[in-house]
Amino acid sequence: GFFQGVSAHLWLSATPGSTKLYSFDLEFPSRNVEVLREFFGASRLVTTQESTRNSLPEFQPTKPCSLLSIDGDHNDWNPYQDLVDFLPNTMCGSPVLFDE
(Lines give C-alpha, C1' and ligand atoms only; values in the text may rest on other atoms or scores of the structure.)
Protein backbone atom coordinates (compact mmCIF):
# COMPACT_ATOMS: atom_id res chain seq x y z
CA GLY A 1 0.00 0.00 0.00
CA PHE A 2 0.93 3.65 -0.44
CA PHE A 3 -0.33 5.09 2.90
CA GLN A 4 1.60 8.41 3.12
CA GLY A 5 4.08 7.60 0.33
CA VAL A 6 7.22 7.15 2.42
CA SER A 7 8.10 3.78 0.86
CA ALA A 8 7.24 5.14 -2.58
CA HIS A 9 9.73 7.97 -2.00
CA LEU A 10 12.36 5.43 -0.92
CA TRP A 11 11.86 3.23 -4.01
CA LEU A 12 11.87 6.19 -6.40
CA SER A 13 15.01 7.63 -4.76
CA ALA A 14 16.86 4.31 -4.94
CA THR A 15 16.19 3.56 -8.62
CA PRO A 16 17.28 5.10 -11.93
CA GLY A 17 15.26 7.90 -13.49
CA SER A 18 13.60 5.64 -16.05
CA THR A 19 12.21 3.21 -13.45
CA LYS A 20 8.45 3.20 -12.88
CA LEU A 21 6.79 2.51 -9.56
CA TYR A 22 3.36 0.91 -9.74
CA SER A 23 1.45 1.52 -6.53
CA PHE A 24 -1.91 -0.01 -5.59
CA ASP A 25 -4.06 1.19 -2.70
CA LEU A 26 -7.65 1.90 -1.74
CA GLU A 27 -6.90 5.62 -1.46
CA PHE A 28 -3.98 7.96 -2.06
CA PRO A 29 -3.41 11.30 -0.32
CA SER A 30 -3.55 13.56 -3.39
CA ARG A 31 -0.98 16.08 -2.11
CA ASN A 32 1.55 13.34 -1.36
CA VAL A 33 1.16 11.87 -4.86
CA GLU A 34 1.43 15.34 -6.36
CA VAL A 35 4.69 16.09 -4.51
CA LEU A 36 6.27 12.77 -5.55
CA ARG A 37 5.26 13.29 -9.18
CA GLU A 38 6.63 16.86 -9.17
CA PHE A 39 9.95 15.73 -7.71
CA PHE A 40 10.49 12.47 -9.61
CA GLY A 41 8.43 13.07 -12.74
CA ALA A 42 4.78 12.27 -13.31
CA SER A 43 5.45 9.20 -15.46
CA ARG A 44 7.50 7.43 -12.78
CA LEU A 45 4.65 6.98 -10.28
CA VAL A 46 1.66 5.04 -11.58
CA THR A 47 -1.17 4.73 -9.07
CA THR A 48 -4.16 2.40 -9.09
CA GLN A 49 -6.85 3.33 -6.57
CA GLU A 50 -8.74 0.08 -6.21
CA SER A 51 -8.56 -3.20 -4.32
CA THR A 52 -5.81 -5.46 -5.62
CA ARG A 53 -8.43 -8.25 -5.73
CA ASN A 54 -9.91 -6.35 -8.70
CA SER A 55 -6.93 -4.53 -10.19
CA LEU A 56 -4.05 -7.04 -10.16
CA PRO A 57 -5.68 -9.71 -12.35
CA GLU A 58 -6.12 -7.04 -15.06
CA PHE A 59 -2.74 -5.31 -14.51
CA GLN A 60 -0.47 -5.16 -17.57
CA PRO A 61 2.73 -3.10 -17.13
CA THR A 62 4.61 -1.88 -20.20
CA LYS A 63 7.41 -4.33 -19.36
CA PRO A 64 7.91 -6.99 -16.66
CA CYS A 65 8.68 -5.71 -13.18
CA SER A 66 12.11 -6.40 -11.67
CA LEU A 67 11.13 -6.11 -7.99
CA LEU A 68 7.91 -6.89 -6.15
CA SER A 69 7.14 -5.45 -2.72
CA ILE A 70 3.86 -6.54 -1.13
CA ASP A 71 2.72 -4.41 1.80
CA GLY A 72 -1.01 -4.10 1.91
CA ASP A 73 -3.91 -6.17 3.11
CA HIS A 74 -2.64 -8.28 6.00
CA ASN A 75 -5.73 -10.48 6.32
CA ASP A 76 -6.00 -14.20 5.67
CA TRP A 77 -4.55 -15.29 2.32
CA ASN A 78 -4.68 -11.85 0.67
CA PRO A 79 -0.89 -11.27 0.59
CA TYR A 80 -0.45 -14.67 -1.06
CA GLN A 81 -3.17 -13.86 -3.60
CA ASP A 82 -1.40 -10.55 -4.40
CA LEU A 83 1.74 -12.58 -5.11
CA VAL A 84 -0.10 -15.07 -7.33
CA ASP A 85 -1.83 -12.27 -9.27
CA PHE A 86 1.33 -10.20 -9.74
CA LEU A 87 3.90 -12.91 -10.58
CA PRO A 88 2.97 -13.12 -14.29
CA ASN A 89 4.10 -9.48 -14.56
CA THR A 90 7.45 -10.05 -12.83
CA MET A 91 10.77 -10.99 -14.46
CA CYS A 92 12.08 -14.45 -13.62
CA GLY A 93 14.48 -14.30 -10.66
CA SER A 94 13.20 -10.95 -9.35
CA PRO A 95 13.26 -10.36 -5.60
CA VAL A 96 9.91 -10.52 -3.82
CA LEU A 97 9.55 -8.64 -0.53
CA PHE A 98 6.71 -8.97 1.98
CA ASP A 99 5.91 -6.58 4.83
CA GLU A 100 3.35 -8.63 6.67
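**A friendly walk through a predicted model**

Colleague: I see that Cys92 has its place in the loop between H4 and E4. Is Cys92 buried or exposed?
Modeller: Happy to help, and please keep in mind that this is a predicted model. To count as exposed, a residue needs a relative accessible area over 50%. Cys92 has a relative accessible area of 83%, so this cysteine is exposed.

Colleague: Which residue holds the closest cysteine sulfur to that of Cys92?
Modeller: A disulfide needs two cysteine sulfur atoms within 2.5 Å. The structure holds 0 disulfides. For Cys92, the closest cysteine sulfur is 14 Å away, which is too far for a bond, and it belongs to Cys65.

Colleague: And is Cys65 itself buried or exposed?
Modeller: Cys65 is in no disulfide, with the sulfur of Cys92 14 Å away. Buried means under 20% relative accessible area. The value for Cys65 is 11%, so Cys65 is buried.

Colleague: How far apart are the C-alpha atoms of Cys92 and Gly1?
Modeller: Along the chain, Cys92 and Gly1 are 91 residues apart. In space, their C-alpha atoms are separated by 23 Å.

Colleague: Let's turn to the pocket. What is the volume of the largest pocket?
Modeller: Here is some background to start with. Rolling a probe the size of a water molecule over the atoms shows where empty space is left. For the largest pocket of this model, the volume is about 1200 Å³.

Colleague: Which residues that line the largest pocket are the closest to its centre?
Modeller: The lining of the largest pocket is made of 40 residues. Elements that each supply at least two of them are helix H1 (6-14), strand E1 (21-25), helix H3 (52-55), strand E3 (68-70) and helix H4 (78-86). The closest to the centre are Leu21, Tyr22, Ser23, Phe24 and Ser69.

Colleague: By class, how many nonpolar residues does the lining of the largest pocket have?
Modeller: The lining can be split by class into nonpolar, polar and charged residues. Its charged residues number 9 and its polar residues 13. The nonpolar count is 18.

Colleague: Now the rings. What kind of aromatic pair do Tyr22 and Phe59 form?
Modeller: The count for the structure comes to 7 aromatic pairs. Planes over 60 degrees apart count as edge-to-face. The rings of Tyr22 and Phe59 have centres 5.1 Å apart and planes at 70°, so their pair is edge-to-face.

Colleague: How many residues apart in sequence are the parts that this pair ties together?
Modeller: Both Tyr22 and Phe59 are buried. Tyr22 belongs to strand E1 and Phe59 to the loop between H3 and E3, so the parts tied together are apart in sequence by 37 residues.

Colleague: What is the angle between the ring planes of Phe24 and Phe59?
Modeller: Both Phe24 and Phe59 are buried. Phe24 lies in strand E1 and Phe59 in the loop between H3 and E3, so this pair ties together parts 35 residues apart in sequence. The pair is edge-to-face, with 5.1 Å from centre to centre and a plane angle of 85°.

Colleague: Which residues form one aromatic cluster?
Modeller: Tyr22 and Phe59 make an edge-to-face pair. Phe24 and Phe59 make an edge-to-face pair too. The one cluster consists of Tyr22, Phe24, Phe59 and Phe86.

Colleague: What covers the buried residues of H4?
Modeller: The buried residues of H4 are Asn78, Pro79, Asp82, Leu83, Asp85 and Phe86. Their cover includes E1, H3, E3 and strand E4 (96-98).

Colleague: In which loop does Asp76 lie?
Modeller: Phi of Asp76 is near 50°, a positive value in a residue other than glycine. With a relative accessible area of 74%, Asp76 is exposed. Its place is the loop between E3 and H4.

Colleague: Phe3 is in the segment before H1. What value is its phi near?
Modeller: Phe3 has a relative accessible area of 64%, so Phe3 is exposed. Phe3 is a residue other than glycine, and its phi is positive, near 50°.

Colleague: One last one: how far apart are the C-alpha atoms of Leu87 and Pro64?
Modeller: Leu87 lies in the loop between H4 and E4. At 41% relative accessibility, Leu87 counts as partly exposed. Leu87 and Pro64 are 23 residues apart along the chain, and their C-alpha atoms are separated by 9.4 Å.

Methods
Residues are numbered from 1 along each chain as its sequence is written. This is a predicted model: local features need pLDDT of at least 70, side-chain atom pairs count only at pLDDT 80 or more; totals for chains, interfaces and linings use all residues. Side-chain values use heavy atoms; hydrogens and water are left out. On a 1 Å grid over the protein atoms alone, a cavity is a set of points where a 1.4 Å probe fits but cannot get out, and a pocket is an open set with protein on both sides within 12 Å along at least five of seven lines; lining residues have an atom within 4 Å of a point. Grid points are joined across faces, edges and corners, and a volume is the space filled by probe spheres set on the points. Helices (H or I, at least four residues) and strands (E, at least two) are DSSP runs, numbered from the N terminus. Ala, Val, Leu, Ile, Met, Phe, Trp, Tyr, Cys and Pro count as nonpolar, Asp, Glu, Lys and Arg as charged, and the others, Gly among them, as polar. Rings of Phe, Tyr and Trp (its six-membered ring) pair if their centres lie within 6.5 Å; planes under 30 degrees apart count as stacked, over 60 as edge-to-face and the rest as tilted. Buried means under 20% relative accessible area, exposed over 50%, partly exposed in between (1.4 Å probe, protein chains only). Contact means heavy atoms within 4.5 Å.
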